[in-house]
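Biologist: Please take a close look at a single part of this model, and then work outward from that part to its surroundings. I would like a connected account rather than a list.

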Amino acid sequence: MDQRKLFGTDGIRGVANEEPMTPETVMRVGLAAAYLFKRDDRRHRVIIGKDTRRSGYMIEYALSAGICSAGVDTLLVGPVPTPAIAFLTKDMRADAGVVISASHNPFQDNGVKFFDAKGFKLPDETEARIEQIMESREAELNPVTAGEVGRAKRIEDARGRYIVFLKKSFPPLLTLEGMKIVLDCANGAGYKVAPTVLEELGADLTLIGVEPNGRNINDGCGALETQCLQDKVLETGAHLGIALDGDADRLIMVDEKGRVVDGDHIMAAIAKNMLADGRLAKNTLVATVMSNMGLDKAMKSVGGRVVRAGVGDRYVMEMMRKGSFNFGGEQSGHLIFLDEHTTGDGIMSALQVLAALVRTEVSLSDFADSMETFPQVLNSFAVREKPPLEELADVVAAIENAEEKLGESGRVLVRYSGTEYKARVMLEGENEVLINRLCNDISDAVIRAIGTN
C-alpha cells in the first residue's frame with residue numbers, strides 16, 4: 001500500500017504558501033532529498049528549474065537553501081520546461097534534478113518534482129523514503145559543518161543546451177519550411193524554447209501565450225484551454241496548431257479544420273507509423289487506463305497491441321522500461337519517446353508528429369484519423385477526503401451495476417486525482433445515453449458517501 005502523504009502522482013503539489021507548498025516545508029523536502037542523494041564524500045550537485053509562476057522565486061530559494069544545507073550544491077537554471085531538467089540532469093552529470101511547477105494547474109498552485117541522475121522521475125519507494133527522512137528528522141540530526149555547506153550558482157546556457165538537444169531529435173534531412181503553425185505556449189515554461197526550436201527548423205509561426213507575467217500561466221490558453229488556438233488556426237489558415245501546458249511536458253494539437261487532436265489520436269497515428277516502419281518495440285503501445293477503447297481497436301487492426309499502466313506518465317514510463325517498450329503516453333498529451341528522451345516532452349512530441357507529417361505529406365486531420373473514438377464521459381468533482389473506494393459499499397454497488405450493464409462493450413474507471421482532492425468517474429461504451437446515466441449514478445454514490453467541496 002502506498003504510504004506517501006506529501007507526494008502524489010506527479011510530485012508534491014498545492015496552493016503556494018499553504019501547506020505543503022510553504023517555504024519551510026519545501027526547505028525540509030530539499031534537505032531530505034539531498035541527504036538521500038548523497039552517496040559518498042564527493043561534491044554533489046542538484047539542478048533546479050521552474051516554470052513562470054510568481055511563487056517560483058519563493059520556492060526556488062527555499063528549496064535551494066534546504067539542498068545546500070545538506071552539503072549539496074545547486075545549479076539554478078530559471079524558467080525551462082520540465083523535460084529540460086530531465087535532460088540537463090543527465091547531460092551535466094548532476095545527482096538529481098528538481099522542477100518547481102504545478103504543470104497545467106492555475107497560477108496560485110505550485111509543486112516540486114524530482115528526477116534522478118539518469119533523468120527519470122523517482123519511483124514511489126524513493127519518494128516515500130524522502131518523506132520518512134523528513135518525519136524522522138534524520139537529515140536535521142546529522143548536519144554538515146559550515147565548511148561543507150553547499151553553494152548555489154546560476155547557469156546561463158541551460159536553455160541553449162536543451163534547444164540543441166531538441167533540434168537533434170528532428171531528422172536532419174527534413175525541414176518545416178512552408179509550414180504555417182500556430183503555437184500556444186500557455187504563458188509557461190516553454191515560451192522561449194518552443195518558438196526558437198520551431199523557427200530555426202523553418203516553421204512560419206503565429207504565437208499565443210508567450211508573454212508570462214507570473215499570474216497568467218494556463219489562463220485561457222495552453223493544452224487545457226484550446227479555443228483560442230482553434231480560432232487562430234482557422235483565422236490564419238494555418239496547417240495546424242500546437243498547444244503546450246504550463247511546464248511544456250504535454251502536447252495537444254489542432255488540425256487545419258480547427259478540431260482538437262488529443263493524446264490518444266496522436267498516439268494511434270504515431271504508433272501505427274512506427275509499427276509500419278518497424279520502429280515500434282514489440283509492436284506495443286503503452287497507454288493508461290484513461291485512454292479510449294478505440295486505441296486498442298486501432299492498434300489491433302494493424303497487428304499491434306496496447307498495454308495499460310496506471311494514470312500518470314511516471315507509471316507509463318515504468319511499464320515501458322520494465323517491458324522494453326519505446327513509445328507510450330496519456331490521453332492528456334504526455335507522450336514518451338523512450339528512444340529519444342527519459343520523460344514526456346511536449347516540444348519533442350510535436351517535432352515527432354511534424355516529422356511524420358513531412359515524410360508522409362499528409363494533413364494533420366488525415367494523419368490523426370487513425371482511430372474510432374468510443375463515447376466517453378468523465379465526471380470530475382472536488383471531495384473532502386479520499387478514503388479507499390473499495391470500503392464504500394454504495395459506491396462499490398454502483399460500480400458493479402454499471403459493469404454488469406455494460407458487459408464487454410464498455411469500461412468503468414473510478415479513481416481519485418493524484419494531485420488534487422478530486423474524484424474522477426469515467427465510463428466508456430457504445431450507448432452514450434446509458435454511460436451518462438451510469439456515470440451520474442456512480443458520481444452520486446461517491447458524493448453521498450464522502451461529500452463534496
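**A helix pair and its surroundings**

Modeller: Helices H13 and H14 are roughly antiparallel to each other, a label that applies because angles over 145 degrees count as such. The structure is a predicted model, and in it the axes of H13 (residues 393–406) and H14 (residues 432–450) cross at roughly 170° and come within 8 Å. On the side of H13, the residues that meet the partner helix are Asp394, Val395, Ala398, Ile399, Asn401, Ala402, Lys405 and Leu406, while H14 brings Leu434, Ile435, Arg437, Leu438, Asp441, Ile442, Ala445, Val446 and Ala449. Sorted by class, this contact comprises 12 nonpolar residues, 1 polar residue and 4 charged residues. An α-helix has 3.6 residues a turn, so residues three or four places apart point the same way.

Next come the strands around this pair. The loop between strand E16 (376–382) and H13 holds lysine 386, which is partly exposed, its relative accessible area being 33%. Although lysine 386 and isoleucine 450 are 64 residues apart in sequence, their C-alpha atoms are 7.9 Å apart in space. Residues up to four places away in sequence not being counted, lysine 386 touches Tyr416, Ser417, Glu420 and Tyr421. Tyr416 also has a place in the strand pairing, since tyrosine 416 has alanine 423 of E18 as its bridge partner. Strands E17 (residues 410–416) and E18 are antiparallel and joined by 7 bridges, and they form a hairpin with 5 residues between them. E18 is likewise joined to E16 by 7 bridges in an antiparallel arrangement, within which serine 380 is partnered by arginine 424 in E18. Of the 8 residues of E18 (residues 422–429), 7 are buried, so this strand is largely enclosed by the rest of the structure.

Further out, the buried residues of helix H10 (residues 313–323) are Asp313, Arg314, Tyr315, Val316, Met317, Met320 and Gly323. They pack against helix H4 and against strands E12 (284–288), E13 (305–309), E14 (327–329) and E15 (335–337). Serine 324, which follows H10, has a positive phi near 60°. One of the buried residues of H10, Arg314, is also a contact of glutamate 127, a residue placed in H4 (residues 124–136). Glutamate 127 is buried, with a relative accessible area of 4%, and, neighbours within four places in sequence aside, its other contacts are Arg4, Phe7, Gly8, Gly11 and Leu122.

Two open sheets can be described next. One has 6 strands in the order E1-E5-E4-E2-E3-E6, with mixed pairing. Strands E1 (12–15) and E6 (152–154) stand at its edges with a single partner strand each, so that one side of each has no neighbour in the sheet. On average, and with direction ignored, neighbouring strands here are turned by 20° against each other. E6 runs parallel to E3 (residues 73–79), the two being joined by 3 bridges, and leucine 76 stands opposite arginine 154 in E6. Helix H2 (residues 56–69) packs on this sheet, where it touches E2 (45–50), E3, E4 (96–100), E5 (109–116) and E6, and its direction makes about 170° with that of E2.

The other open sheet has 5 strands, ordered E8-E7-E9-E10-E11, and its pairing is also mixed. Its edges are E8 (204–208) and E11 (260–261), each with a single partner strand, so one side of each is left without a neighbour in the sheet. E11 pairs with E10 (residues 251–254) in the antiparallel sense over 2 bridges, and methionine 253 stands opposite valine 261 in E11. Helix H6 (residues 193–200) lies across E7 (180–184), E8 and E9 (240–244), running at about 165° to E8.

The nonpolar interior remains. The largest nonpolar core has 71 residues, and Ile242 and Leu354 have the most contacts inside it. Helix H11 (residues 346–360) gives the most to this core, namely 9 residues. Sequence neighbours within four places aside, leucine 354 is in contact with Phe170, Leu176, Met179, Ile181, Leu198, Leu240 and Ile242. A second core, separate from that one, has 29 residues, among them Leu31, Ile67, Ile100 and Ile133.

Methods. Residues numbered from 1 in each chain as written. Predicted model: local features only at pLDDT ≥ 70, side-chain atom pairs only at ≥ 80, totals over all residues. Heavy atoms only, no water. Core = buried A, V, L, I, M, F, W, Y, C linked by side-chain atoms within 4.5 Å. Buried < 20%, exposed > 50% of the residue type's maximum accessible area, 1.4 Å probe, protein only. Helix = DSSP H or I, 4+ residues; strand = E, 2+ residues; numbered from the N terminus. Contact = heavy atoms within 4.5 Å. Pairing = 2+ DSSP bridges. Axes fitted to C-alpha atoms, helices over the stretch in contact; angles between N-to-C directions. Parallel < 35°, antiparallel > 145°, perpendicular 65-115°, else oblique. Nonpolar A, V, L, I, M, F, W, Y, C, P; charged D, E, K, R; others polar.
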